[in-house]
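Let's take a walk through this protein together, one site at a time. Have the model open and ready to rotate as you read.

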Amino acid sequence: MAEFCPDCGAQGVAGREGCEVLFQALTGKAFSNVGWFALHRLVVDVYALQHPDKYCRSGKSLVAHLTGVCVALEYGERKTAVNRAIQQWLSGASQPLRPDPPPPRQRGQLTIVSISQAHSLPEFHDALYTWARDVWQAWQSLHPYAHECIQAALNQKKDG
Ligand SMILES: [Zn+2]
């Protein structure tokens, strides 16, 4: 078994399965702690972008995770409303979404390991946003597509 995760490159995690164990542990923690729960959507979105073969198999799931990270980093106080608009837009979209170009092969320098060691909520928050910015940067080629999707979702909200 590989020592590193072949999807995100995390070292010393006992492969893809070990990486997934770290992710599940954070999911468990989120469900028993309201402060961590509030940040968990972003954990899921960033983790998905580093493991697209498993979590972004459909165009729709890729768009959901990609826009989720974008909104968390760029939309501040508006993020709840924007995420709701995206959710509505995604559930109504009849055409399959075709993100272009394909996901990058290099998906960031940092991995879930960088947030797994946090001992307090502020520490976790800072580590998570640092990881998110790193991964978002790695997905730079899809920033225009992400912004296009968010704009389409917001326009649809205005119409309806
Ligand atoms: Zn991984």
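Which arrangement do the four donor atoms around the zinc ion make, judging by the angles they subtend? Before the answer, a word on the source: what you see is a predicted model. The zinc ion has Cys5, Cys8 and Cys19 as protein donors, each through SG, together with His51 through NE2. These atoms lie 2.0 to 2.3 Å from the metal. The angles they subtend run from 104 to 117°, which makes the arrangement tetrahedral. For comparison, the ideal angle for four tetrahedral donors is 109.5 degrees.

If you would like to find the donor residues by their spacing in the sequence, look for C-x2-C-x10-C-x31-H. Two of the cysteines are worth a look for their accessibility. Cys5 has a relative accessibility of 0%, so Cys5 counts as buried. Cys8 comes out at 8%, and because buried means under 20%, Cys8 counts as buried too.

Let's turn to the pockets. Rolling a probe the size of a water molecule over the atoms shows where empty space is left. The largest pocket holds about 280 Å³ of space. It is lined by 13 residues, and the closest to its centre are Ala38, Arg41, Lys79, Thr80 and Asn83. Three helices give two or more residues to this lining: H2 (34-50), H4 (59-74) and H5 (79-92). By character, the lining of the largest pocket divides into five nonpolar, four polar and four charged residues.

The second largest pocket has a volume of about 220 Å³. Here 15 residues form the lining, with Cys8, Gly9, Gln106, Gly108 and Gln109 the closest to the centre. You have already met Cys8 as one of the donors of the zinc ion. The lining of the second largest pocket divides into six nonpolar, six polar and three charged residues.

Charged side chains deserve a stop of their own. Side chains of opposite charge can pair when their charged atoms come close. How many salt bridges does the structure hold? There are three.

One of these salt bridges joins the side chains of Asp7 and Arg16, at 2.8 Å from N to O. Asp7 has a relative accessibility of 10% and counts as buried, whereas Arg16, at 42%, is partly exposed.

Another salt bridge brings together the side chains of Glu20 and Lys54, with 3.5 Å from N to O. Glu20 belongs to helix H1 (residues 15-30) and Lys54 to helix H3 (residues 52-55), so this pair ties together parts that are 34 residues apart in sequence. Glu20 is buried, with a relative accessible area of 16%, while Lys54 has 49% and counts as partly exposed.

There is also a salt bridge between the side chains of Asp45 and Arg41, again given as 2.8 Å from N to O. What separates these two along their helix? Asp45 and Arg41 are four residues apart in helix H2, which means that about one helical turn lies between them. Asp45 is buried, with a relative accessible area of 2%, and Arg41 is partly exposed at 41%. Arg41 may sound familiar, as it is among the residues closest to the centre of the largest pocket.

To finish, here are three residues outside the helices. Ala14 sits in the segment before H1. Most residues other than glycine have a negative phi. Ala14 is not a glycine, yet its phi is positive, at about 60°. With a relative accessible area of 31%, Ala14 is partly exposed.

Asn33 is found in the loop between H1 and H2, and at 29% relative accessibility Asn33 counts as partly exposed. Try setting a distance from its C-alpha atom to that of Leu121: the two are 9.8 Å apart, although 88 residues separate them along the chain.

Is Gln117 buried or exposed? Gln117 lies in the loop between helix H6 (113-116) and helix H7 (121-138). Its relative accessibility is 54%, and therefore Gln117 counts as exposed. The C-alpha atoms of Gln117 and Trp131 are separated by 13 Å, with the two residues 14 apart along the chain.

Technical notes
Residues are numbered from 1 along each chain as its sequence is written. This is a predicted model: local features need pLDDT of at least 70, side-chain atom pairs count only at pLDDT 80 or more; totals for chains, interfaces and linings use all residues. Side-chain values use heavy atoms; hydrogens and water are left out. Donors are N, O and S atoms within 2.8 Å of the metal (3.2 Å for Na, K and Ca); water is not among the atoms, so sites may look incomplete. Four donors count as tetrahedral if all angles lie between 85 and 135 degrees; four count as square planar and six as octahedral if opposite donors are over 155 degrees apart and all others between 65 and 115; anything else is irregular. Buried means under 20% relative accessible area, exposed over 50%, partly exposed in between (1.4 Å probe, protein chains only). On a 1 Å grid over the protein atoms alone, a cavity is a set of points where a 1.4 Å probe fits but cannot get out, and a pocket is an open set with protein on both sides within 12 Å along at least five of seven lines; lining residues have an atom within 4 Å of a point. Grid points are joined across faces, edges and corners, and a volume is the space filled by probe spheres set on the points. Ala, Val, Leu, Ile, Met, Phe, Trp, Tyr, Cys and Pro count as nonpolar, Asp, Glu, Lys and Arg as charged, and the others, Gly among them, as polar. A salt bridge is a side-chain nitrogen of Lys or Arg within 4 Å of a carboxyl oxygen of Asp or Glu.
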